[in-house]
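Biologist: Please take a close look at one part of this protein for me. I would like the helix packing, in detail, with some context around it.

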Amino acid sequence: MSPPISSSSVVLVAVVLLAVVAPATAPPATATDGNTPTDTPNADATPEIVAVYPNPVADGDSGEFVVVRFPESPTNASHWSLADGESTVSIPNATVSGRVAFSPDPEDARNLTDVTVLGLAGDLSLANGGELLRLVRGNATASTATYEDAPEGERWHRVETRTASADARWRWTPLGATDFGVRHAGPTEARAFVLPDAPAVPLETIREADRRVLLAGYTFSSPRVADALAAAVRRGVSVRVLVDGAPVGGLSRRSAKLLDSLVARGVEVRVVGGPRARYDFHHAKYAVADDRALVMTENWKPSGTGGNASRGWGAVVRSEETADQLAGVFRADAGWRGATPWSAFSRGQSFTPADGAPANGSYPAKIPAENVDVAQSSVIIAPDNAENALVRLLDSADESVRVQQVSIGGKRHSLLRATLGAARREVSVEILLSSAWYVEEDNRKLVEWLNDRAEAENLPLDARMADPRGRYEKIHAKGVVVDGEAAVVGSLNWNNHSARKNREVAVILRGEEVGGFYAGAFDSDWKASAGGPGGGASRLPVGLLGAVAVGAIVALAVAKREVIFEKRR
């Protein structure tokens, strides 16, 4: 499980957000059909099926297509046919090379893919429930593609491995999914901060903008940030906002009213969601302000950026290159068919009641923000490349790994396996998990299991439940520090849904100063949480528990039915 949306003093609504990567280090790409090849076809290679799009978001599945990769040298396509078990359809007489899509509805298909589309004269109908598709020449089958239960709006495609001897794999990917590679920027400076200690930093970043503000979030319910965005518009700044249209628990009336006010004050607001959404949740939390990139673990709400509840990490990277990289992600997501202007999206919509008063906790500023040198900043994106990038980072650890997470998506999660691998290399590992009541049971079991593994294998690993001790309410950070010199800051939770199904954004910041800042912040929380796996303020006060017991039970039932992103193993 993962972080909640919020909790009410009358009815505890526990919304457990498994907030959400797929491999790749290919050059950056904007939103396309995702058919960018990872290899170069051999001039003498046999044509093969590399992608199938059987279930378009359209009436009658109009726009289905099959992508065939032909040799680089010109090839007469008319020698080949496509067979689906019910019919065999000849490919048109055309000279082709590289990737070509074939569709019975070529005009519709051309709106869905960037590769060349040729029409099919026969009726090739791809079954949504499953199909064996063959590329044939005469009586010989040259290539096949088999799938089951095609998800709406997703493409079944071959994922090429980097070694010629390895088998190719197949994967469902939302049509138009981006393929951003990990991008690096040279030495720069960053404003490193944690929340709730330094809530002024996100506001200052927006208030100092002169040209552009691109704000991306999962939820947005901060009046202070809304006022800062409106003030930026009055200064002549171009301001755009992108948020998720269906967060766990639904869009609240409070958020809707605030987004209405932004549009009324000249801010462009777009909402990601609906049947054409490429990702399950737009869970990223970042902003581009002129040539600065603000990346956080926290939502744009009082409990997050407002500093009224959550322990989170953030960084303002003063790098034009990093800012432009994030601007490219913003444009790709805001420009896709799944992004709708707020005015059109909200028309006729009903919104959920406000879930209690906004968080209003007050916490001491024990960890002030610092300007720190950064040797290198790397933008990582989910589901494009973040999981692989983080596994590589953990695999590179020589001395220490510090992990601070809401929760971890199971004992076999790739990032936890990489962390255990570091401990088995004699790297010192410390893992601090949230003790909030909605993740307490699962986290306690995992902490005990990790400490048992450490004892059984004599590993330099220690895991703890967090004890806020009045310094914050709950952990919402998704932080990692490797060797004290590489810190990960961003929205990616350690679960498969976050890594492989959501849009997430994080940065890896390298350097002694920046790594030292986040290592120090972690160490402060770690020391405060000493006392073993049972430590942590994790239970509700007795009086409150009695007052809301029924509401809590109902909320948990709803959470289990509707909110769980991740099936635990």
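Modeller: Here are two helix pairs, then one loop residue, after a word on the whole chain.

The model is predicted. It holds twelve helices and 30 strands. Of its 569 residues, 58% are buried. The protein exposes about 22,600 Å². Carbon and sulfur atoms supply 48% of that area.

Start with helix α2, residues 200–207, and helix α3, residues 223–234. Their axes lie 9 Å apart, and the two helices pack at an angle of about 15°. Angles under 35 degrees count as roughly parallel, so α2 is roughly parallel to α3. The crossing of α2 and α3 is right-handed. Which residues of α2 and α3 meet? From α2 come Leu203, Ile206 and Arg207. From α3 come Arg224, Val225, Ala228 and Leu229. By class, the residues of this α2 and α3 contact are five nonpolar and two charged, with no polar ones. The charged residues here are Arg207 in α2 and Arg224 in α3.

Now move to helix α8, residues 414–424, and helix α9, residues 440–457. Here the packing angle is about 30°, with the axes of α8 and α9 11 Å apart. That angle also falls under the 35 degree cut-off, so α8 counts as roughly parallel to α9. The crossing of α8 and α9 is right-handed. On the α8 side, the contact uses Leu416, Leu420 and Arg424. On the α9 side, Leu446, Trp449, Leu450 and Glu457 take part. The α8 and α9 contact divides into five nonpolar, no polar and two charged residues. Arg424 in α8 and Glu457 in α9 are the charged ones.

Last, a loop residue. Where is Ala309 found? Ala309 sits in the loop between β19 (292–296) and β20 (310–318). Is Ala309 buried or exposed? Its relative accessible area is 0%, and buried means under 20%, so Ala309 is buried. Leaving out residues up to four places away in sequence, Ala309 touches Ser303, Ala359, Tyr363, Tyr472, Glu473 and Lys474. One of these, Lys474, is 165 residues from Ala309 along the chain. The C-alpha atoms of Ala309 and Lys474 are separated by 6.7 Å.

Key: Residues numbered from 1 in each chain as written. Predicted model: local features only at pLDDT ≥ 70, side-chain atom pairs only at ≥ 80, totals over all residues. Heavy atoms only, no water. Axes fitted to C-alpha atoms, helices over the stretch in contact; angles between N-to-C directions. Helix = DSSP H or I, 4+ residues; strand = E, 2+ residues; numbered from the N terminus. Parallel < 35°, antiparallel > 145°, perpendicular 65-115°, else oblique. Left-handed = near helix turned anticlockwise from the far one by under 90°. Contact = heavy atoms within 4.5 Å. Buried < 20%, exposed > 50% of the residue type's maximum accessible area, 1.4 Å probe, protein only. Areas by Shrake-Rupley, 256 points an atom, 1.4 Å probe, with all protein chains shown as cover.
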